[in-house]
Amino acid sequence: SVSILGSPMQGQRYHAFRRKGVAFMPASRMEEGLIPGLSITEHFALIEKHRSFWVDRRQASACAKAGIERFRIKGMPESPVETLSGGNQQRLLLSFLPENPMLLLLDKPTRGLDLESSQWVWQELLSYSSKNTGIVFSSPELEEILTVAGRVLVFYNGRIVKDVPTNKIDIHELGRAIAGKV
C-alpha cells in the first residue's frame, strides 16, 4: 500500500500525487521526460500551461532563459531538446522539478551521464533534502547507492529482502541481497 501523510494513494492518478507534493523524474529522458521536436521554450510553455488556460510565450521564454542559466544547460531557448547532450537533457528535467516538493521519486537519475555530470546532478538533488524533501531513487550503480543514499531497500521477487542504513552494509552484502542470497 502507498500513503502520503496518512492519505491512502493506492490507485490514484498522477495529478493526485502532484497535489500531495510528489514529483517524479524518469530514467528515459527522451522517451518519458521530454518531447522530441519541441524546443526548451516549448517545454517551459507546457509547464506554464498547467497554471493557466493560455500560453504566455514571453513568460515561457523567460523561464527557459532562467532555467538555462540556473541549471547551466548548454543550449538556447529555441534548441530542440533532442539536440542536447544527455547531461543537458537531465539538467533540463531537473529544471522542471517544483521548488519545494515533499517527495522526489527518481528512476536512475544519473543513467548514461559522465562522472562530472553525475556529481552535479546529485549536488542539485541533495540540495532538496536540506529543505526537508524526501528522495527515493533506484539505481543499478551499487557505488552510487552506497555513496548517496542514507538507507537502502533491496527487492527480490517482489518482496523487500533487505532494509538497512547504508553505513551498515557493504557493496558485497548489497550485491548478495540483490541476487537473492540474503
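A polar contact is a pair of N or O atoms within 3.5 Å, and this notion is needed for the helix cap described in the second legend below. The model shown in these views is predicted.

**Figure 1. Overview of the protein chain, with its eight helices and seven strands.** The C-alpha trace of the protein chain spans about 55 × 40 × 30 Å along its principal axes. Of the 182 residues in the protein chain, 39% are buried. Among contacts in the protein chain with a separation of 6 or more, 54% are accounted for by residues 24 or more positions apart.

**Figure 2. Helix 6, residues 115–129, and the cap at its N-terminal end.** Helix 6 has 15 residues, which at 1.5 Å a residue should span 21 Å, and the C-alpha atoms at its two ends are indeed 21 Å apart, so the expected and modelled spans agree. The N-terminal end of helix 6 is capped by aspartate 114, a side-chain oxygen of which lies 3.2 Å from the backbone nitrogen of glutamate 116.

**Figure 3. The buried residues of helix 6 and what covers them.** The residues of helix 6 that are buried are Ser117, Ser118, Trp120, Val121, Trp122, Glu124, Leu125 and Tyr128. An α-helix has 3.6 residues a turn, so residues three or four places apart point the same way. The cover over the buried residues of helix 6 includes three helices, namely helix 4 (57–70), helix 5 (86–96) and helix 7 (142–148), together with strand 4 (103–107) and strand 5 (134–138).

**Figure 4. The packing of helix 5 against helix 6.** The axes of these two helices come within 10 Å and cross at roughly 10°; because angles under 35 degrees count as roughly parallel, helix 5 and helix 6 are described as roughly parallel to each other. On the side of helix 5, the contact is made by Gly87, Gln90, Arg91 and Leu94, which meet Ser117, Trp120, Val121, Glu124, Leu125 and Tyr128 in helix 6. The residues of this contact divide into five nonpolar, three polar and two charged.

**Figure 5. Close-up of glutamate 124 in helix 6.** Glutamate 124 has a relative accessible area of 11%, and because buried means under 20%, glutamate 124 counts as buried. When residues up to four places away in sequence are not counted, glutamate 124 touches Arg70, Phe71 and Leu94. Of these, Leu94 belongs to helix 5 and is one of the residues of that helix that meet helix 6.

**Figure 6. Close-up of cysteine 63 in helix 4.** Cysteine 63 counts as buried, since its relative accessibility is 18%. With residues up to four places away in sequence set aside, cysteine 63 touches Phe44 and Glu48. Valine 81 is 18 residues from cysteine 63 in sequence, and the two are 15 Å apart in space, C-alpha to C-alpha.

**Figure 7. Close-up of serine 139, in the loop between strand 5 and helix 7.** Serine 139 is buried, with a relative accessible area of 17%. The side chain of serine 139 reaches the backbone nitrogen of glutamate 141 at 3.0 Å, and a polar contact of 2.4 Å joins the side chain of serine 139 to that of glutamate 144. Apart from its neighbours within four places in sequence, serine 139 is in contact with Lys108, Glu144 and Ile145. Strand 5 and helix 7, the elements on either side of this loop, are also among those that cover the buried residues of helix 6.

Definitions and conventions: Residues numbered from 1 in each chain as written. Predicted model: local features only at pLDDT ≥ 70, side-chain atom pairs only at ≥ 80, totals over all residues. Heavy atoms only, no water. Helix = DSSP H or I, 4+ residues; strand = E, 2+ residues; numbered from the N terminus. Expected span 1.5 Å × (residues − 1). Buried < 20%, exposed > 50% of the residue type's maximum accessible area, 1.4 Å probe, protein only. Contact = heavy atoms within 4.5 Å. Polar contact = N/O pair within 3.5 Å; in protein donor to acceptor, adjacent residues only side chain to side chain. Axes fitted to C-alpha atoms, helices over the stretch in contact; angles between N-to-C directions. Parallel < 35°, antiparallel > 145°, perpendicular 65-115°, else oblique. Nonpolar A, V, L, I, M, F, W, Y, C, P; charged D, E, K, R; others polar.
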